[in-house]
Amino acid sequence: MLHSDSPKTPAFRLTSNSAKLAGFLCATALIPATTSAQSVNPLDNGPTRIVSLETGNLYPKGTLELTVGARQTSPSDRAGTGNQNYHGGGVYAFSDRFNLGFELQNYIDPVGGPINGFPGVGPERIPQLETNQLALWGKYQLYKDDRWAIAALGSAEVFTKMQTDLWGNFFRPQSNVAIGALKMPITYTVNPKLQVHFTPGITLGPDEIDGGQFYGNMVTMGAGVSYKAHPRLSLFGTVESSVGSPNTIASSGEWVTKPVWSAGGRYNVTPRVAFEGYVTNGFGVSPATSTWTFWPDGDHLMVGGRLIYTPGDKRDESYRTLSLPTTRPQLNAQQDGFTLGSAATLDPGLVRADLWYGSENNAGASINFSPDRDVELQFIFEQFADNATANANLVPTTNVRYMIGPKLRLMDQNNGNPFSLAGRMLYGRQISSASQKVGVFYTDLTANYRARNGFSLTASPKIAAWGSTELVGLGMGIGYNFDNGLELMAEVTPIGRDGNDTTWAAGARYHLGNSGFSVDAQATNAIGRHGIGGMIAQDETRFALTLSKTFDISGAKFW
């Protein structure tokens with residue numbers, strides 16, 4: 001394997017940029033800082049971590065944070081949905097001065113392009129990388145006042161699986177590769193909206209793995225800015241790099257130094273739930289991998305998203321003034337349509353189960369759950385119709401596949417907004433291993449207006465992507481609600497980009513009093529009910545029946 005000839009810089013040497021940043025921090029210390037009282041909602045306060053850059057902020061005692069996210073390259077660059085690094089974790093604040101957390105990462109894909117000197121797969125011979133990683137870390141507050149927050153962080157991390165030709169041989173997978181990090185994040189509060197962050201550190205790791213050069217020990221420097229543009233919206237930017245040591249592999253096969261950068265924002269959907277979106281050239285999210293760029297060259301753009309949940313009855317429930325309790329018609333409206341989603345989300349503590357079957361062997365089941373207000377998690381299993389008149393180039397598979405993702409309500413007509421608005425993201429993949437497991441990314445934005453005379457109007461732009469195939473659509477729906485629990489619905493979705501056939505659905509749904517049961521019947525030309533299934537048309541009309549039941553498990557909730 002190829003090795004770098006670059007000598008490593010001594011730990012005490014600072015780059016000119018680092019010296020300028022240190023001078024800036026010293027200068028800002030002379031500026032009077034005004035601070036506001038800390039909110040009871042942790043997500044309203046300064047960030048404890050920005051993407052992968054640690055800050056000097058900690059969560060207050062008793063805070064529990066749960067996260068799940070992914071970052072990926074463009075789907076048009078690769079077969080399937082691109083290259084993804086999936087991650088999730090949690091943090092618990094044992095005190096105001098000590099937080100303990102963990103992080104899980106999984107990557108099973110080729111890297112971003114061919115690397116000279118390394119074997120690979122596919123016509124371009126791109127090296128494959130398969131890893132599972134676990135990171136445990138603790139963060140302790142060393143000092144805090146109205147301006148400064150200084151913390152110490154240590155992590156112990158392990159790759160339980162590392163299989164690649166980059167480090168050794170793909171057919172000699174490695175296990176229990178230990179790495180770690182020591183960092184001292186520093187945060188300066190300029191004013192209640194603006195914070196500046198500076199994070200020096202050391203990452204620890206082996207110099208070689210199975211004869212291939214690895215990262216070794218590195219001195220790192222990071223800096224970032226977070227700005228609260230709105231009480232619910234924060235913007236941020238970060239840069240972090242090794243100091244003089246190589247931290248990525250170039251397409252030439254040489255090890256080079258490339259800073260990791262990120263830019264994005266976080267929106268608080270509720271005081272307990274936030275969504276973070278960003279772009280970066282970085283691969284890792286743990287303390288020890290935060291300075292690893294995506295390979296090769298560190299010039300591949302990755303788009304990331306993270307859902308953050310801080311449960312607890314001490315948090316505010318909503319940013320809106322709630323008109324509770326929810327009425328029966330409002331509860332009924334929390335159910336998705338035939339091929340369009342609903343702009344409403346289930347009430348906290350409610351679970352809805354759906355079972356459906358239709359002609360052309362379309363069948364499915366879903367479980368929808370609301371852990372908190374304005375948030376719904378959807379778990380869907382569906383087999384698309386196998387009618388031969390559907391465009392075979394657009395149908396990923398007719399085998400059973402799963403779809404999973406969140407729906408976040410951004411506006412609520414029942415509680416002060418002129419209409420309801422929700423965004424949904426679903427990631428799906430074939431379950432059967434008999435053929436290629438094609439992954440599909442789907443997202444939609446659904447707006448709904450309900451008039452007092454029983455009519456409702458829905459508009460829903462949609463996007464689905466897998467491999468080089470992209471579908472876009474604009475769903476439109478109209479419905480009428482009778483006082484006896486009967487609903488009539490009609491939906492149509494013109495499709496563009498790689499598809500050009502409009503999908504439609506029409507039918508009726510009946511809610512059985514206060515039992516939580518409903519049944520609906522529909523006629524449609526769509527091959528499925530959810531996600532991309534509602535965007536692909538067949539020439540013939542088919543029929544389907546759905547049975548739904550809503551359960552109230554709020555008595556068992558812990559949030």
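This tour moves through the structure from the whole chain to its cores, rings, two strand residues and empty spaces.

**Before selecting anything**

The model is predicted: local features need pLDDT of at least 70, side-chain atom pairs count only at pLDDT 80 or more, and totals for chains, interfaces and linings use all residues. Residues are numbered from 1 along each chain as its sequence is written, and side-chain values use heavy atoms, with hydrogens and water left out.

**The whole chain**

Display the protein as a cartoon: it has two helices and 32 strands. These elements are DSSP runs numbered from the N terminus, helices being H or I of at least four residues and strands E of at least two. Of the 559 residues, 55% count as buried; buried means under 20% relative accessible area, exposed over 50% and partly exposed in between, with a 1.4 Å probe and protein chains only. Among contacts (heavy atoms within 4.5 Å) between residues at least 6 apart in sequence, 59% join residues at least 24 apart.

**The largest nonpolar core**

Next, select Trp 167, Phe 214, Tyr 215, Ile 249, Trp 292 and Trp 295, which have the most contacts inside the largest nonpolar core, a set of 25 residues. A nonpolar core is a set of buried Ala, Val, Leu, Ile, Met, Phe, Trp, Tyr and Cys residues joined through side-chain atoms within 4.5 Å. Strands β7 (148-164) and β8 (177-183) each supply at least two residues of this core, and β8 gives the most, with three.

Centre the view on Trp 292. Setting aside residues up to four places away in sequence, Trp 292 touches Phe 159, Ile 179, Phe 214, Tyr 215, Asn 247, Val 260, Gly 282, Phe 283 and Gly 284. Elsewhere, a second, separate core of 19 residues includes Ile 380, Leu 394, Tyr 442 and Ile 536.

**Aromatic pairs**

A search of the whole structure finds 19 aromatic pairs. Rings of Phe, Tyr and Trp (its six-membered ring) pair if their centres lie within 6.5 Å; planes under 30 degrees apart count as stacked, over 60 as edge-to-face and the rest as tilted.

Show Phe 214 and Tyr 215 as sticks: their pair is edge-to-face, at 5.2 Å centre to centre and 85° between the planes. Both residues are buried. Then add Trp 292, whose pair with Tyr 215 is stacked, at 4.0 Å centre to centre and 5° between the planes. Tyr 215 lies in the loop between β12 (212-213) and β13 (218-230) and Trp 292 in the loop between β18 (273-280) and β19 (302-309), so this pair ties together parts that are 77 residues apart in sequence.

To see the wider cluster linked by ring pairs, select Tyr 107, Phe 159, Trp 167, Phe 214, Tyr 215, Trp 255, Phe 283, Trp 292, Phe 294 and Trp 295.

**Two strand residues**

Select Met 162 in strand β7. Met 162 is buried, with a relative accessible area of 2%. Not counting residues up to four places away in sequence, Met 162 touches Glu 130, Thr 131, Trp 167, Pro 173, Gln 174, Ile 209 and Phe 214.

Move to Ala 135 in strand β6, which counts as buried at 1% relative accessibility. Beyond its neighbours within four places in sequence, Ala 135 is in contact with Gly 101, Phe 102, Glu 103, Ala 156, Glu 157 and Ser 286. Measure from its C-alpha atom to that of Pro 287, 152 residues apart along the chain: the separation is 8.1 Å.

**The largest cavity**

Of nine cavities of 30 Å³ or more, the largest holds about 180 Å³ of space. On a 1 Å grid over the protein atoms alone, a cavity is a set of points where a 1.4 Å probe fits but cannot get out, and a pocket is an open set with protein on both sides within 12 Å along at least five of seven lines; lining residues have an atom within 4 Å of a point. Grid points are joined across faces, edges and corners, and a volume is the space filled by probe spheres set on the points.

Select Thr 48, Arg 49, Glu 65, Val 91 and Arg 306, which lie nearest the cavity's centre among its 18 lining residues.

**The second largest pocket**

Finally, select Pro 329, Ala 333, Arg 450, Asn 481 and Glu 487, which lie nearest the centre of the second largest pocket, lined by 43 residues. About 840 Å³ of space lies in this pocket. Strand β28 provides the largest share of the lining, six residues.
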